[in-house]
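Welcome! Here is a protein model to explore through a few questions and answers.

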Amino acid sequence: MRRVAIIGYAVSRLEWDAEKTREEAVFEVAKGAMRNAGVEREDIDTVISASTDFLDGRTISSCMLIGASGAYLKDESKAEEDGMYAALYAAQRIMSGVHDVALAVSHTHSWIFNPHQVTQYMLEPWFDRQNDLLNEITLAALQARLYMSRSGADETHLAQVCVKNLRNAVKNPNAFRKMPDVTVEEVLESKLYSSPLTELMISPPCDGAAAVVLASEDVAEEFCDEPVWIRGIGNACDRYLRDRDLGRLNSLRIAAERAYRTAGIEDPFRQIDVAEVSERFAHQELMAYEALCFCREGMGKVLIEEGMTEVYGDMPVNPSGGALAGDAVCATGMIRLIEAVKQIRGEAENQVEECRTALAHAQWGLCAQKNLVFILGDRR
Amino acid sequence: MGVDRYSGLPFVARFRWSVGKIMEKFYRSFAEKKIIAAKCEKCGYTVVPPRQICPQCYSRMGEENFVELSGRGVVESLTEVAFRLDGKGGYIWLEKPELLAAVKLEGANSTIFVRVEGDARIGSEVEPVWAEKTEGKPSDLISFRVVK
């Protein structure tokens, strides 16, 4: 199979800006990523975007954005999920040998409508959707409790994740929620939404856009001196809420195993230098430590207690601040991918030393039903 | 910049939905205060509300797979909910938090997410609270309450 590299990227500021149109946001990141990659519009063979009709409040959410992403009369398609899936489909098109250079773009403008409300429409309509207490946040709270009761993690561990990520976000110029002095107590005392989840444990919806340019091994080096290679990919979708173990991210575990196998990773804790994960809620980062096999089951709390996932730790996770520092829903996973690319290129704000192998993770669906993992490296 | 809010498109699409035969039976049996599940003949997985495809082994299921559950269940997870969403993206902060639980009903493998009343904890046994007059509608099942 042909190898695929990421050769350019661009990210918008994560913000809450009613004046910036989607067209502008997408145009800026699409153009920015192409400039960063050193490619012209003519070089791009295929364009995949990611956005959702429900969040955007209009059918065909890519409407009027095909132009903004330079995709007129090109091979073009849209993923109704996280932008990292757009990157996955772009990579698969390149692997197939049909295309050489792809652009993947993602965006969400949360100011248009509260994304948490939209999550009610992800529920099975006949029984679950009839229960007005059910939504992404309350279900995540039930997931947090299930995870906590099996692992022995408590509210403090969840708050420690927030403290780490919100402090990491301070150096990230694009982050939405940055709190340099935040403490565990402040996180625990922030507004209670659904116990144990308080406001600061819930990623804040905001506006944002991101784009990456991908290229085949045949052309990557023509455009870019330091391509970042995709060394492994794994993707898995779990059962609907009612039929799965919500206290475990089994689909993430399977996705990670697949990605590790292709990338030749046997000991993730030792072989991976940094991970950027989509923790839409604080407990999901601890669950991800376990599903990604950074520790044994139930030991996620130890990694956060011991500071192992800090930028300076043995297994840095979310040096960018993660989703807790700003959640532009469809762009969130793609931003994790870009942060992982920046780490390998040595361009990250919270740079991990000697970073050669990075992991990026995106999730989709209620309680992270669907999970996608990329392993990136500085060598093919 | 002022932001105008639009409440709808220039047209309203009224979709016709069918819950399907299986879900219809599920709700109709509420009239007799019964909770119906579907038990897969092939793998034994029991799912509530009943479904037409087994979520575990993908076998086809139908009314012949119906089993009646006792209605009793165990609380597997619990959250105190402080808000409701108003359907328009706004938050309604509740004066008194409500309890939402993940409950495993006796005889079922799947989980349901329901309101609970009383001093519930993880591991509490619960039973359904039915409306005074049950008519075979979703609103017949009000919540669950703690038995012990």
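The turns below go from the whole chain to a pair of helices.

This is a predicted model, where local features need pLDDT of at least 70, side-chain atom pairs count only at pLDDT 80 or more, and totals for chains, interfaces and linings use all residues. Residues are numbered from 1 along each chain as its sequence is written, with chains lettered from A and ligands numbered from 1 in the order in which they are written.

Q: What is the radius of gyration of chain A?
A: Chain A has 13 helices and eleven strands, taken as DSSP runs (helices H or I, at least four residues; strands E, at least two) numbered from the N terminus. The globule rule (2.2 Å times the number of residues to the power 0.38, with the radius taken over C-alpha atoms) gives 21 Å for 380 residues. Chain A is close to that, so it is as compact as a globular protein of that length, at 19 Å.

Q: Which helix gives the most to the largest nonpolar core?
A: A nonpolar core joins buried Ala, Val, Leu, Ile, Met, Phe, Trp, Tyr and Cys residues through C-beta atoms within 7 Å; buried means 20 or more other C-beta atoms within 10 Å of a residue's own, with C-beta atoms placed from the backbone. The largest such core has 171 residues. Ten of its residues come from one helix, residues 329–345 of chain A: α13.

Q: At what angle do α3(A) and α13(A) pack?
A: Helix α3 of chain A covers residues 83–95. Axes are lines fitted to C-alpha atoms over the stretch in contact, and angles run from 0 to 180 degrees between N-to-C directions. The two axes lie 5 Å apart, at an angle of about 60°.

Notes
Buried ≥ 20, exposed ≤ 12 C-beta atoms within 10 Å, placed from the backbone.
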